[in-house]
Every structure is written in structure tokens, then in C-alpha cells.
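Reader: I'm new to this structure and would love a close look at one part of it. Could you walk me through the aromatic rings and their surroundings?

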Amino acid sequence: MAGAGMTMLAASVPWRFSGWAVFSFGPHCGLRAPRWLPACRQKTSLSFLSRPDLPNLAYKHLKGKSPGVIFIPGYQSNMNGTKALAIEEFCKSLGHAFIRFDYSGVGSSDGNLKECTVGKWRKDVLSVIDDLAVGPQILVGSSLGGWLMLHAAIARPEKVVALVGVATAADDLVTQFNQLSVEVKKEIEMKGEWLMPSKYVEEGVYHIQYSFIKEAEHHCLLHSPIPVTCPVRLLHGMKDDIVPWHTSIQVADRVVSTDVDVILRKHSDHRMKEKADLQLLVYTIDDLIDKLSTLV
């Protein structure tokens, strides 16, 4: 598993977990070639999950063997991102089931984004697990999706068998808001909206409702042990200027699982969508599939 650009540290790492941590430095990860080929894409049809009294969710479902993989996107991101498509190609090559979806209020799903909350998106994830997924699932959460995957693992421990976080943003919006000055926070409260700067959106800012932040406070996890016992893999770029990589270290420290790896890439940013990042991501999923299959 270790290559020229990957360093594996156990008892010598400065942060000691019950499991072991993997730190990857350098622009190349030196991984073995994953068993996937980005060949001609076969289109997966768009479907909708109907839910009484809740917005219909747009999703794409690739049927296959267990464990299945579910991709949980980041804040205001849709199901058609680079990471989601790379994982779909990988799962297709192995014959494993895969689901990607849009949150309510985002992409092709129904709903009003201004009315969305972390709690409502948590319900979206659980709806996908309960109503679409068959058998054990590996959850892959990107940014805010990494926060939600932890909640899903807590709520559905019998079905969620492993987690892969990419720039996991556990508690992050709340943390960033709390770091603002008292004056700025009062101004946001009065206006009812936080214009959060971001280079990843065309307008240059996210329009975040003040009510979204206040509701998100009820879903924070880093203040106490996180009751997740399945294998957890946390990938993070050290050039991430949105969610500091130390957040993944905090998550690793808080989860009660004894099988936790943290993988840092020195030159990767928040999106982790370069070729080497995607190779690392699918390799990590591949390794978990192999691990889980030996436990059956």
C-alpha cells in the first residue's frame, strides 16, 4: 500500500489513535494501479425518490453487488461532480452497486435551497440509505457530506459498514461562524444572511442563511466522542483553504472506532479532484471493499 510518495506511520505519529494513521506527502501518491478504467461512459438514468411531505430527491443508481457505495456531496454541490463520476466508473468496473444523489433544494431535486438545513439534508441521506440502498454500504462524504456521513453512520450502524471522508467538514460552518467578530455576527443576524467568501462559486460568495447556521449548531459532533465503530478513512489536502486538515485529525480522535486512517496530501486543495487525488480515493474504497470481503 505504501509507495514512494506515501508514508505510513503507526506508533510514531504525533497523534495516537487506537488504530493507525496514514500520512501521504508529495504530489504523487505512488499507489498501485486501481482496478478501474475511465473508458466510455455508460449513462445511468436519472430517477426520483418520492417522499411523503418531503421534497423528491433526484438520484442515479448503479445496481450491483455488496457492499454498495453511496456518494454524499458537499455544500450546494450536485451529483455530477468529478469525484462522484470517478467513483461510479470504479464501481461499474468491479460490479458493485453505487448511488449518487442531489440534496433537496440542489441540482435536479425538488425543494427550496433557502429552506434547507443540515437536519433536512441529514434526512435526505437517511432516505437514500433506507429507501434505495440494498445491503451494507460504504459512505463517501465530500466536505459537508463528510459531516453528514458521520451522522448517517450513527443513525444506521447496521447498514453503514465503512466511511470515506474527503476534506471532511464536521461542524465547519458553525466553527467558521463562531470565529467571526461579535460585530460581524450581530450584523449577519440582523441581515439574516452570511455572505461567506468562496473561490469555488462563480459569484465569489455563498449566501448562507443565518437560520441555517443556528440549526446546524444542533448537529455538531466534535464536542464529544462520536459513536461510530466502523472503519473510517479520512482524506484531506494540506492546501485546503476552506476546511483545515486538522479537522480530519479531530474527527479521527473523536470517533470511537479503532480502525481509523488519516491520509494527507501535501499539495492537494479542498476539492481533491486532480488525477492523483481521484486515484487515491478509488484505491481507498477498493481497499475497504477487500477488507470487508475478508470479514464476511
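Author: Happy to; here is a walk through the aromatic pairs, after a few words on the chain.

This is a predicted model, in which local features need pLDDT of at least 70, side-chain atom pairs count only at pLDDT 80 or more, and totals for chains, interfaces and linings use all residues. Residues are numbered from 1 along each chain as its sequence is written, and side-chain values use heavy atoms, with hydrogens and water left out.

The chain has eight helices and 12 strands, which are DSSP runs numbered from the N terminus (helices: H or I, at least four residues; strands: E, at least two). Of its 296 residues, 52% count as buried, meaning under 20% relative accessible area with a 1.4 Å probe, protein chains only.

Now to the rings: the whole structure holds eight aromatic pairs. Rings of Phe, Tyr and Trp (its six-membered ring) pair if their centres lie within 6.5 Å, and planes over 60 degrees apart count as edge-to-face. Phenylalanine 101 and tyrosine 103 are edge-to-face, because their planes stand at 90°, with the ring centres 5.7 Å apart. Phenylalanine 101 is buried at 0% relative accessibility, and tyrosine 103 is buried with a relative accessible area of 0%.

Another edge-to-face pair joins phenylalanine 177 and tryptophan 194, at 5.7 Å centre to centre and 65° between the planes. Phenylalanine 177 sits in helix α4 (residues 172-178) and tryptophan 194 in strand β9 (residues 193-197), so this pair ties together parts 17 residues apart in sequence. Both phenylalanine 177 and tryptophan 194 are buried.

Finally, Phe101 and Tyr103 belong to one aromatic cluster with Tyr75, Trp121, Tyr206 and Phe212.

Key
Buried means under 20% relative accessible area, exposed over 50%, partly exposed in between (1.4 Å probe, protein chains only). Rings of Phe, Tyr and Trp (its six-membered ring) pair if their centres lie within 6.5 Å; planes under 30 degrees apart count as stacked, over 60 as edge-to-face and the rest as tilted.
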